[in-house]
Amino acid sequence: MSGSPLLPSNPGADGSKTEAFDVVSLIDDLLRKAIHAGASDVHFEPTSSAQVVKFRLDGVLNVVEKLPKSLSDNIIARLKVMGDLLTYRNDIPQEGRIELTGDHGDVIDQRLAVFPTIHGQRAVVRLFYEEAGLSDLEALGFSEGICSVLKQIAQKNQGVLLLTGPAGSGKSTTLGALLGYIMRKFPGKSIVTLEDPVERHIDGVTQVQITPHGEMTFPTALRSLLRQDPQVLMIGEIRDAETARIACEAGLTGHLLMSTLHSGTPAAALIRLLEMGIEPYQLTSSVSAVVNQRLARKLCPQCKKKDTEADTYEPSGCEDCFQTGYKGRVLMAEMVQLDGELRQALLAKADLDQLEDILRSRGHMTMVQDGMRLVGQGVTTRSEIKTVCGNA
Ligand SMILES: [Zn+2]
């Protein structure tokens with residue numbers, strides 16, 4: 001990033017006048033800026049020649065400042081004071097909490113971690129924000145087609161809906177939005193969630209904290225919960241064969257069950273369930289749909305530039321987006337609904353290639369194609385889709 005608005009106008013080319021520099025305000029300003037931008041982490045990284053400051057914005061680390069190396073010790077010392085750490089110990093990792101005074105919006109907690117490296121100490125401040133309410137299903141970025149199928153499934157009193165995607169792909173936000181939709185549409189429904197950990201409190205929902213190494217494991221809780229007769233069940237994640245089996249049974253016996261699964265494509269998720277020991281007939285009669293999702297960064301609306309030739313938008317960079325060209329994130333997804341043909345194939349013990357072939361032959365809308373819809377709308381870029389999907 002060119003220009004350093006946080007530095008004094010003329011600190012001296014070699015940084016020699018920095019002793020008089022106000023490190024306290026520098027750190028306060030940086031943290032305030034980070035919070036204003038909604039950054040999740042602020043990194044203070046020592047290199048051989050500078051102390052580099054990075055913000056993690058929408059999941060991506062961006063360099064926002066390169067401060068003179070001569071400031072490094074003062075910066076780390078100031079952070080340690082703020083975090084109530086031992087300022088005289090530079091040789092051990094330390095962790096603490098920071099309390100910011102003044103107007104710091106919706107930040108509820110800040111953690112500091114300091115670590116010694118060969119170029120000096122490295123510090124990371126992690127920022128935690130107040131949870132916003134449940135997102136609207138319509139506002140997540142799903143295509144109209146996927147959104148309307150999700151609504152149909154959410155209205156049912158049976159079946160299993162699975163979300164797949166890596167960590168940080170917005171799966172719990174989608175689950176939350178689905179619960180919100182069900183609560184608005186059917187206010188009296190009995191909804192229970194099993195989570196590890198409970199990420200946010202939802203009014204009107206019975207939430208259960210799972211202790212994977214204690215007595216309240218997913219299978220134990222799920223088995224006895226079914227006797228409590230909930231109508232809608234949300235399981236944070238299906239991690240083991242037993243949970244998968246009980247989940248499928250629940251979906252078959254008058255419960256709508258929603259959960260997530262670590263897996264690549266929707267077809268791979270179906271195969272994974274079979275590999276976990278779910279019988280093909282159980283799978284085909286319980287699973288309604290599998291949605292695979294990712295988050296792509298949205299173009300900054302303040303500075304995106306139109307590429308008239310390609311009829312798309314490109315990132316530019318402005319103060320508002322810390323010169324990244326992007327601000328906020330949008331969901332892209334692909335969905336597979338189990339229909340007659342797929343059920344037949346699964347019952348005939350089709351493998352992954354065969355399932356993918358069936359989907360291809362019927363013009364299944366892939367994740368990349370869904371991403372290109374967002375590119376066409378000027379919401380994100382082809383290169384972002386490429387980064388997120390690994391090909392495009
Ligand atoms: Zn911008």
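## Zinc site

A residue counts as buried when its relative accessible area is under 20%. Cysteine 300 and cysteine 303 both meet that criterion in this predicted model: each is buried.

These two cysteines belong to a zinc site. The zinc ion is coordinated by the SG atoms of Cys300, Cys303, Cys318 and Cys321, at 2.3 Å. Along the chain, the donors follow the spacing C-x2-C-x14-C-x2-C. What is the arrangement of the four donor atoms around the zinc ion? The arrangement is tetrahedral, because the donors subtend angles of 104 to 112°. The cut-off for this label requires all angles to lie between 85 and 135 degrees.

## The six-stranded sheet

Six strands build an open sheet. Their order is β3-β2-β1-β6-β5-β4, and the pairing is antiparallel. At the edges stand β3 (60-68) and β4 (94-98), each pairing on one side only. On average, neighbouring strands of this sheet are turned by 20° against each other, direction ignored.

Helix α2 (residues 72-82) lies across β1, β2, β3, β4, β5 (107-117) and β6 (120-129). The helix runs at about 45° to β6.

## Two strand pairings

Strand β1 covers residues 41-46, and strand β2 covers residues 50-57. They pair in the antiparallel sense over six bridges. Histidine 43 stands opposite lysine 54 in β2.

Over how many bridges do β4 and β5 pair? They pair over five bridges, in the antiparallel sense. Here glutamate 95 stands opposite alanine 113 in β5.

## The faces of β4

In a regular strand, side chains alternate between the two faces of the sheet. Edge strand β4 shows such alternation. Gln94, Gly96 and Ile98 point to one face and are buried. Glu95 and Arg97 point to the other face and are not buried.

## An aromatic pair

The count of aromatic pairs comes to one. Phenylalanine 55 and phenylalanine 322 form this pair, with 5.2 Å centre to centre and 65° between the planes. The geometry is edge-to-face, because planes over 60 degrees apart take that label.

Where do the two partners sit? Phenylalanine 55 is in strand β2. Phenylalanine 322 is in the loop between β14 (312-314) and β15 (326-337). The pair links distant parts of the chain, 267 residues apart. Phenylalanine 55 and phenylalanine 322 are both buried.

How values were computed
Residues are numbered from 1 along each chain as its sequence is written. This is a predicted model: local features need pLDDT of at least 70, side-chain atom pairs count only at pLDDT 80 or more; totals for chains, interfaces and linings use all residues. Side-chain values use heavy atoms; hydrogens and water are left out. Two strands pair if DSSP finds at least two bridges between them. Helices (H or I, at least four residues) and strands (E, at least two) are DSSP runs, numbered from the N terminus. Axes are lines fitted to C-alpha atoms, for helices over the stretch in contact, and angles run from 0 to 180 degrees between N-to-C directions. Contact means heavy atoms within 4.5 Å. Donors are N, O and S atoms within 2.8 Å of the metal (3.2 Å for Na, K and Ca); water is not among the atoms, so sites may look incomplete. Four donors count as tetrahedral if all angles lie between 85 and 135 degrees; four count as square planar and six as octahedral if opposite donors are over 155 degrees apart and all others between 65 and 115; anything else is irregular. Buried means under 20% relative accessible area, exposed over 50%, partly exposed in between (1.4 Å probe, protein chains only). Rings of Phe, Tyr and Trp (its six-membered ring) pair if their centres lie within 6.5 Å; planes under 30 degrees apart count as stacked, over 60 as edge-to-face and the rest as tilted.
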